[in-house]
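Student: Before we discuss this model, could you show me the sequence and the structure together? I would then like to go through the fold, the strand pairing and the core in turn.

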Amino acid sequence: FAILRGIELLTTEPTRPYEVVANVQGSGGRHTAKETMINSMIDAAQRAGARALIPVETNVKGGAKSSGLDAFVHFENDRRVTKGRAIQWTGN
C-alpha cells in the first residue's frame, strides 16, 4: 500500500545516500493495528515530501532485532508506538 502512495518502507538502514526530512510517529492502544499507525506515518512523510520511511532505532528487550513492519513498532508507557525517519534520496 505504501509504494502505491509513493513511499518506500525500508526495514534496514539504506545503502544509498539520503537526508532526513522529518521524524514521524504513529501511536495507538495495545491493540491498534501496526498498519494503521504506519499509514499515519506515511501521510506525514508525504506531507514532508519524503520518498521513503526507515525505522527509528529502538532498544528491544534482550537485544533482539525486529524485522519487517515490526521494525517500526515498540511500546512506550503501555501504548503501541511506531517511529520512523522520513527521508529523501540524495546524490545520483
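Student: What pattern does the chain follow when read along the sequence?

Tutor: This is a predicted model, in which local features need pLDDT of at least 70 and side-chain atom pairs count only at pLDDT 80 or more, whereas totals for chains, interfaces and linings use all residues. Residues are numbered from 1 along each chain as its sequence is written, and side-chain values use heavy atoms, with hydrogens and water left out. Helices (H or I, at least four residues) and strands (E, at least two) are DSSP runs numbered from the N terminus, and the chain has 1 helix and 5 strands. Read along the sequence, the pattern is β-β-α-β-β-β.

Student: Over how many bridges do β2 and β5 pair?

Tutor: Two strands count as paired if DSSP finds at least two bridges between them. Strand β5 covers residues 79–89 and is antiparallel to β2, with Gln25 standing opposite Lys83 in β5. The number of bridges between β2 and β5 is 10.

Student: Which residue in β5 is the bridge partner of Ile54?

Tutor: Strand β3 (residues 52–55) runs antiparallel to β5, and 4 bridges join the two. Within β5, the bridge partner of Ile54 is Arg85.

Student: Which residue in the turn of the β4 and β5 hairpin has a positive phi?

Tutor: Strand β4 (residues 73–76) pairs with β5 in the antiparallel sense over 4 bridges, and His74 stands opposite Val81 in β5. The hairpin that β4 and β5 form has 2 residues between the strands. With a phi of about 50°, the turn residue in question is Asn77.

Student: Which element supplies the largest share of the largest nonpolar core?

Tutor: A nonpolar core is a set of buried Ala, Val, Leu, Ile, Met, Phe, Trp, Tyr and Cys residues joined through side-chain atoms within 4.5 Å, where buried means under 20% relative accessible area, exposed over 50% and partly exposed in between (1.4 Å probe, protein chains only). The largest such core has 13 residues, and Val24, Met41, Ala45, Leu53, Phe72 and Ala86 touch the most other members. Both β2 (18–28) and α1 (34–47) supply at least two residues of this core. The largest share, 5 residues, comes from α1.

Student: Which residues of β3, written as residues 52–55, does Phe72 contact?

Tutor: Contact means heavy atoms within 4.5 Å. Leaving aside neighbours within four places in sequence, Phe72 is in contact with residues including Leu9, Ile38, Met41 and Val81. Since β3 comprises residues 52–55, the contacts asked for are Leu53, Ile54 and Pro55.

Student: Is Arg80 buried or exposed?

Tutor: Arg80 is found in strand β5, and its side chain reaches the backbone oxygen of Thr32 at 2.8 Å. Leaving aside neighbours within four places in sequence, Arg80 is also in contact with residues including Gly26, Met37 and Val73. Because its relative accessibility is 17%, Arg80 counts as buried.

Student: What distance separates the C-alpha atoms of Val73 and Met37?

Tutor: Val73 lies in strand β4 and counts as buried because its relative accessibility is 13%. Not counting residues up to four places away in sequence, Val73 touches Lys34, Arg80, Val81 and Thr82. Met37 is 36 residues apart from Val73 along the chain, and their C-alpha atoms are separated by 9.0 Å.

Notes: A polar contact is a pair of N or O atoms within 3.5 Å; within protein, one must be able to donate a hydrogen and the other to accept it, and residues adjacent in sequence count only if both atoms are side-chain atoms.
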